[in-house]
Amino acid sequence: MKETYEKKLQEQLDHWNEEIDRLKSKAEHVKEDTRHEYHEQLENIRKKRQEAHAKLQELKAASDDAWEDVKTGVELAWESLSEALKSAASRFK
């Protein structure tokens with residue numbers, strides 16, 4: 001079960017990395033007056049992505065007995081990154 005969960009999380013993180021790349025590409029083509037705000041949003045997303053990645057690594061390193069305890073932190077990081085991406089995507093359509 002742990003390996004399946006890890007794989008699911010890695011796939012989601014990969015998908016979010018693609019979404020972040022799309023947002024970066026859009027940032028290059030926005031008006032100058034909104035570019036700063038866009039880059040701030042991207043920086044926030046990058047930080048949350050790093051936190052999510054770190055939590056995934058922590059989960060992978062956890063023993064079979066301890067991974068359920070780590071899972072809560074992973075889910076919080078995932079939710080935070082998901083919300084940041086949704087917010088940025090909706091603001092910069």
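User: What percentage of the 93 residues of the chain count as buried?

Analyst: Happy to help! This is a predicted model, where local features need pLDDT of at least 70, side-chain atom pairs count only at pLDDT 80 or more, and totals for chains, interfaces and linings use all residues. Residues are numbered from 1 along each chain as its sequence is written, and side-chain values use heavy atoms, leaving out hydrogens and water. Buried means under 20% relative accessible area, exposed over 50%, and partly exposed in between, with a 1.4 Å probe and protein chains only. By that cut-off, the buried part of the chain is 33%.

User: In what order do the elements of the chain run from the N terminus on?

Analyst: Helices (H or I, at least four residues) and strands (E, at least two) are DSSP runs, numbered from the N terminus. The chain has three helices and zero strands. Read from the N terminus, the order is α-α-α.

User: What does the C-alpha trace of the chain span along its principal axes?

Analyst: Two residues give a feel for distances here: Glu51 sits in helix α2 (residues 32-61), and its C-alpha atom is 27 Å from that of Val30, 21 residues away along the chain. For the whole C-alpha trace, the spans along the principal axes are about 50 × 15 × 15 Å.

User: What share of the contacts with a separation of 6 or more comes from residues 24 or more positions apart?

Analyst: A contact means heavy atoms within 4.5 Å. Among contacts with a separation of 6 or more, residues at least 24 positions apart account for 70%.

User: Which residue forms a salt bridge with Glu19?

Analyst: A salt bridge is a side-chain nitrogen of Lys or Arg within 4 Å of a carboxyl oxygen of Asp or Glu, and the structure holds seven of them. The partner of Glu19 lies three residues away in helix α1, about one turn of the helix. This partner is partly exposed, with a relative accessible area of 42%. At 2.8 Å between the closest N and O atoms, the partner is Arg22.

User: Are Glu6 and Lys2 buried or exposed?

Analyst: The side chains of Glu6 and Lys2 meet in a salt bridge, at 3.6 Å from N to O. Because they are four residues apart in helix α1 (residues 2-27), about one helical turn separates them. As for accessibility, both Glu6 and Lys2 are buried.

User: What is the N to O distance in the salt bridge of Asp21 and Lys24?

Analyst: Asp21 and Lys24 are three residues apart in helix α1, about one turn of the helix. Asp21 counts as partly exposed at 43% relative accessibility, and Lys24 does too at 29%. Their side chains meet with an N to O distance of 3.8 Å.
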